[in-house]
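Please work through the following exercises with the sequence and the model open side by side. Each task is followed by a solution that goes step by step.

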Amino acid sequence: MTTYIFLLLFVIILLLVILIMRKPTVDVSALREDNARLRERLSERLGALSQNAIELKNISGDIANFKNILMGNKQARGTFGERQLEDLVADIMPPESYSFQTVLETGVRPDCIIRLPYPPGDMIIDSKFPLESYNRLCSNTDDGMARKQFELDVRKHIDAIADKYIIPGKTAESAMMFIASESIFETLHREFPSAIEYAARRKVFIVSPSTLWATLNTIRAVLSDIKIKRVAGQIKKELDLLLADLSRLNERAIKVQQHFSQASADIEMLQTSVGKITPRAEKLREMDFGEE
């Protein structure tokens, strides 16, 4: 029994040794195909990465240009703000309800005028903003003088808008100061509430792209309502005139009817007279006057 066990163990060990010593066969053609596919995929990935790098470079250039606009000279920033304002107004308002760079009677040239009937009158929108002070504030967040200067410059700009663009009897009693950056708008409301309150007292509403969008849509709805009321007034006026014409026509129809009634009565009287004359004529014709 023991001999059989040792013999079985020997056979198992021998089989294991054969399996260990056996070399696996390699399919060279399959490896070549896999390598070719791998090189193809790597080439595609490299091409995609190259294209992404080019796009990233273009985006970086655009960001740099945008930064130059915001951080560069005042004229470039003003042009950017005016362009954004013009796009917003043109997308929302009907063409006859606004104008850009139109000179007022006082000689000033506002960025945008929203045409409204008086009252309230034309509303002026200014797209400029003291960005230099804001940049200094961002560079020195802990500088108290930078904060004071920024708020002072904002108040000066509010005064300039109120003095130039709020003209009693000519324009609306308020104007708008457009800030092209939502972040600056949010910073102004969060950290400088006194400047916002000052603007409200001077009747200058500070708006960002999103709040201006909502404001313009409200103004457009009001203009549509005014137009509907104007058309309704014209319709009522024409309806009143039509009713007056119908009343006169009815009076004249009654008079014509009275004339017809009188004519009918006269005809009946004529017929009565004819009816009386005809028998007498017949009697005269039947009389024998004799003949010589």
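The exercises below concern a predicted model, and they move from the whole chain to single residues.

**Exercise 1. The chain as a whole**

Determine how many helices and strands the chain has, and in what order the elements run.

Solution. Begin with the secondary structure, which comes to eight helices and five strands. Reading from the N terminus on, the elements run α-α-α-β-β-β-α-α-β-α-α-β-α. Next consider burial: of the 292 residues of the chain, 24% count as buried. Finally, look at the contacts with a separation of 6 or more, of which 62% are accounted for by residues 24 or more positions apart.

**Exercise 2. The nonpolar cores**

Find the largest nonpolar core, and state which element gives the most to this core.

Solution. As background, nonpolar side chains in soluble globular proteins tend to be buried together. In this model the largest nonpolar core has 29 residues, and those with the most contacts inside it are Phe129, Phe150, Ile158, Met177 and Ile206. The elements that give two or more residues to this core are helix 4 (131–139), helix 5, strand 4 (175–178), helix 6 (182–191), helix 7 (193–201) and strand 5 (204–207). Helix 5 gives the most, with seven residues. To follow one core residue in detail, take Ile206, which, leaving aside its neighbours within four places in sequence, is in contact with Ile158, Met177, Ile179, Phe185, Leu188, Ile196 and Ala199. A second core, separate from the one just described, has 19 residues, and Leu88, Met93, Cys112 and Leu216 are among them.

**Exercise 3. Aromatic rings**

Classify the pair formed by the rings of Tyr134 and Phe150, and say which helices the pair ties together.

Solution. The structure holds four aromatic pairs. In the pair of Tyr134 and Phe150, the ring centres are 5.8 Å apart and the planes stand at 55 degrees, so the pair is tilted. Because Tyr134 lies in helix 4 and Phe150 in helix 5, the pair ties together parts that are 16 residues apart in sequence. Both partners can then be checked for burial: Tyr134 has 11% relative accessibility and therefore counts as buried, and Phe150, at 1%, counts as buried too. Widening the view, ring pairs link Phe129, Tyr134, Phe150 and Phe192 into a cluster.

**Exercise 4. Helix 5 against helix 7**

Describe how the axes of helix 5 and helix 7 cross, and list the residues that make the contact.

Solution. Two packed helices are described by the angle between their axes and the distance between the axes. Here the axes of helix 5 and helix 7 come within 10 Å and cross at roughly 10 degrees. Angles under 35 degrees count as roughly parallel, which makes helix 5 roughly parallel to helix 7. On the helix 5 side the contact is made by Glu151, Val154, Arg155, Ile158 and Asp159, and on the helix 7 side by Ser194, Ala195, Tyr198, Ala199 and Arg201.

Two of these helix 5 residues deserve a further step. Arg155 lies over the face of Tyr198, at 4.7 Å from the ring centre. Glu151, in helix 5 (residues 144–165), has 18% relative accessibility and so counts as buried, the cut-off being under 20%. Apart from its neighbours within four places in sequence, Glu151 is in contact with Phe192, Ser194 and Ala195.

**Exercise 5. Ala162**

Is Ala162 buried or exposed, and which residues does it touch?

Solution. Ala162 is found in helix 5, and its relative accessibility of 6% means that it counts as buried. Not counting residues up to four places away in sequence, Ala162 touches Arg202 and Val204. The C-alpha atoms of Ala162 and Ile124 are separated by 9.9 Å, while these residues are 38 residues apart along the chain.

**Exercise 6. Positive phi**

Locate Gln101 and Lys203, and give the phi of each.

Solution. Most residues other than glycine have a negative phi. Gln101, which is not glycine, has a positive phi near 55 degrees; its place is in the loop between strand 1 (98–100) and strand 2 (112–114), and at 27% relative accessibility Gln101 counts as partly exposed. Lys203, also not a glycine, has a positive phi of about 60 degrees. Lys203 is found in the loop between helix 7 and strand 5, and at 40% relative accessibility it counts as partly exposed.

How values were computed
Residues are numbered from 1 along each chain as its sequence is written. This is a predicted model: local features need pLDDT of at least 70, side-chain atom pairs count only at pLDDT 80 or more; totals for chains, interfaces and linings use all residues. Side-chain values use heavy atoms; hydrogens and water are left out. Helices (H or I, at least four residues) and strands (E, at least two) are DSSP runs, numbered from the N terminus. Buried means under 20% relative accessible area, exposed over 50%, partly exposed in between (1.4 Å probe, protein chains only). Contact means heavy atoms within 4.5 Å. A nonpolar core is a set of buried Ala, Val, Leu, Ile, Met, Phe, Trp, Tyr and Cys residues joined through side-chain atoms within 4.5 Å. Rings of Phe, Tyr and Trp (its six-membered ring) pair if their centres lie within 6.5 Å; planes under 30 degrees apart count as stacked, over 60 as edge-to-face and the rest as tilted. A charge sits over a ring if NZ of Lys or CZ of Arg is within 6 Å of the ring centre and within 35 degrees of the ring normal. Axes are lines fitted to C-alpha atoms, for helices over the stretch in contact, and angles run from 0 to 180 degrees between N-to-C directions. Angles under 35 degrees count as roughly parallel, over 145 as roughly antiparallel, 65 to 115 as roughly perpendicular and the rest as oblique.
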